[in-house]
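Here's a quick briefing for anyone meeting this structure for the first time. Take a look at the model, then read on for the main points.

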Amino acid sequence: MSTHPDTRTEALDVRRFWEGLGLPGLVDVHTHFMPERVLRKVWAYFDALGPLTGGVEWPITYRKEEGERAALLREFGVRGFTAMLYPHKPGMARWLNGWAADFARRTPDCLHTATLFPEPGVADYVRDAVAAGARVFKAHVQVGAYDPADASLDEAWGLLAEAGVPVVVHCGSGPAPGKHTGPGPVARVLARHPRLRLIVAHLGMPEYEDFLDLAERYGEVRLDTTMAFTDFSERMMPFPRRALPRLAALGDRVLLGSDFPNIPYPYAHQLHALERLGLGDGWLRAVCHDNAARLFALPD
C-alpha cells in the first residue's frame with residue numbers, strides 16, 4: 001500500500017464512502033494539529049523509530065503544512081475534527097491551550113481542543129479553557145508518562161465531568177506500554193468520577209477487551225477507532241474477533257478517529273477497515289458521523 005496517495009483520487013474514495021451511507025460527511029475526533037515546531041518534533045520521533053512507536057517503521061503519510069492538512073480534511077468531507085495536542089512535561093499545557101484556542105478561532109470546523117498535565121495550577125487552566133469554549137480535551141498517558149489517577153488531577157477531572165466536556169485519552173499500552181498505561185489507572189479515575197466523558201483512544205489497543213469492560217460499566221465511556229482494524233495495527237495488535245459483538249452492541253458510543261496526519265497509510269484505509277468488519281451500515285453511520293455529531297451538538 002502506498003503511503004503517498006493521490007489525494008484527489010483518495011478524496012473521491014472517502015466521499016464515496018460517506019455518501020454511500022447517506023451521511024453529510026464525517027466527524028473525526030482524533031486528528032492532530034499543534035504548533036508547527038512541536039509537530040515537527042513529533043514527526044522526528046516517529047522517523048527515529050523511538051520506543052513510543054514500538055520501534056516500528058512509521059512513515060507519516062500527510063507530512064504537509066498546517067493549512068494544507070486542514071484543507072485536505074475538508075476535501076475528504078470531514079465536517080468536524082480536533083486538534084489533539086499534549087504536553088510531555090510540566091509547564092507546557094497552558095501554552096498549548098493558548099495556541100489551540102487561537103487555532104480554533106481561525107479554524108471554525110475544528111472542535112476547540114485543550115489538554116492537561118499533573119502539575120500545580122492544572123485545575124485553574126482547565127477551568128479557564130472550559131470557560132473559553134474548549135469542547136474536548138486530550139490526555140496522553142503514554143507520552144506524558146503520568147498516572148491519570150494522580151491526586152493533582154482530581155479536581156480537573158471533576159471539573160470536566162461536571163461540565164460534560166469529553167476527554168480523548170490515550171491510555172492503552174499500544175504501540176508500546178508505559179508505566180501508567182492499561183485499564184487500571186483509568187478505572188481508578190472513573191471510580192471517583194463515573195460521569196466523566198472519557199473517549200478511550202485506539203479502542204484501548206491492545207487491551208481492547210479490558211476497555212470494553214469499562215465502557216460497559218460506565219455509560220459515559222466511549223471508544224474511538226483510531227488505527228484499529230487497519231492492516232498496520234492488525235499485524236501487531238489484532239482486535240479479538242470474539243469481542244466484535246460487544247463492539248457492535250456499543251455502537252452508540254464508538255466514534256471515528258484516524259490519527260491524521262500521523263498515519264502510515266492513506267486516510268481512506270481506516271474507513272474501509274471499519275467497513276470490512278461487516279457490522280452494518282447503521283453501525284457505520286453512527287460511528288463515522290452521528291455519535292460524534294450528537295456528542296458535540298454539531299448542526300445538521
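A residue counts as buried when its relative accessible area is under 20%. Phe 239 sits at 3% relative accessibility, so it counts as buried. Keep in mind that this is a predicted model. Below, we go through the sheets, the aromatic pairs and the cavity.

**The six-stranded sheet**

- Let's start with the open sheet of six strands, which has the order 4-5-6-7-8-9 and parallel pairing.
- Its edge strands are strand 4 (113–115) and strand 9 (254–255), each of which pairs on one side only.
- Strand 6 (residues 167–170) pairs with strand 5 (residues 136–140) in the parallel sense, over four bridges.
- Two residues of strand 5 show how that match-up goes: Phe 137 has Val 167 as its bridge partner in strand 6, and Lys 138 has Val 168.
- Strand 6 also pairs with strand 7 (residues 198–200), again in the parallel sense, this time over three bridges.
- Here Val 167 turns up once more, standing opposite Leu 198 in strand 7.
- To get from strand to strand, follow helix 8 (residues 183–192): together with strand 6 and strand 7 it makes a right-handed β-α-β unit.

**Which way the side chains of strand 6 point**

- In a regular strand, side chains alternate between the two faces of the sheet.
- In strand 6, Val 167 and Val 169 point one way, while Val 168 and His 170 point the other way.
- Are these four residues buried or exposed? All of them are buried.

**Strand 2 and its neighbours**

- Strand 2 has four of its five residues buried, so it is largely enclosed by the rest of the structure.
- Strand 1 pairs with strand 2 in the parallel sense over two bridges, and Val 27 has Gly 80 as its bridge partner in strand 2.
- Strand 3 (residues 110–111) runs parallel to strand 2 and is joined to it by two bridges.
- Within that pairing, Phe 81 stands opposite Cys 110 in strand 3.

**Aromatic pairs**

- How many aromatic pairs does a search of the whole structure find? It turns up 13.
- Take Phe 33 and Phe 81: their ring centres are 5.5 Å apart and their planes are at 40 degrees, so this pair is tilted.
- Phe 33 lies in the loop between strand 1 (26–27) and helix 2 (36–47), and Phe 81 in strand 2 (residues 78–82), so the pair ties together parts that are 48 residues apart in sequence.
- Both Phe 33 and Phe 81 are buried.
- Tyr 208 and Phe 239 form an edge-to-face pair, at 4.9 Å centre to centre with 65 degrees between the planes.
- Tyr 208 belongs to helix 9 (residues 208–217) and Phe 239 to the loop between helix 10 (231–236) and helix 11 (244–249), so their pair ties together parts that are 31 residues apart in sequence.
- Like its partner, Tyr 208 counts as buried, at 2% relative accessibility.
- There's a cluster to spot too: Phe 33, Phe 81, Trp 99 and Phe 103 form one aromatic cluster.

**The cavity**

- The structure holds one cavity of 30 Å³ or more.
- About 30 Å³ of space lies in the largest cavity.
- Which residues line the largest cavity? They are Pro 148, Trp 157, Val 169, Val 186, Val 189 and Leu 198.
- By class, that lining has six nonpolar residues, with no polar and no charged ones.

Conventions
Residues numbered from 1 in each chain as written. Predicted model: local features only at pLDDT ≥ 70, side-chain atom pairs only at ≥ 80, totals over all residues. Heavy atoms only, no water. 1 Å grid on protein atoms, 1.4 Å probe; cavity = no way out; pocket = protein on both sides within 12 Å on 5 of 7 lines; lining within 4 Å. Points joined across faces, edges and corners; volume = space filled by probe spheres on them. Nonpolar A, V, L, I, M, F, W, Y, C, P; charged D, E, K, R; others polar. Buried < 20%, exposed > 50% of the residue type's maximum accessible area, 1.4 Å probe, protein only. Pairing = 2+ DSSP bridges. Right-handed = clockwise from strand over helix to strand, strands pointing away. Phe/Tyr/Trp six-rings, centres within 6.5 Å; stacked < 30°, edge-to-face > 60°.
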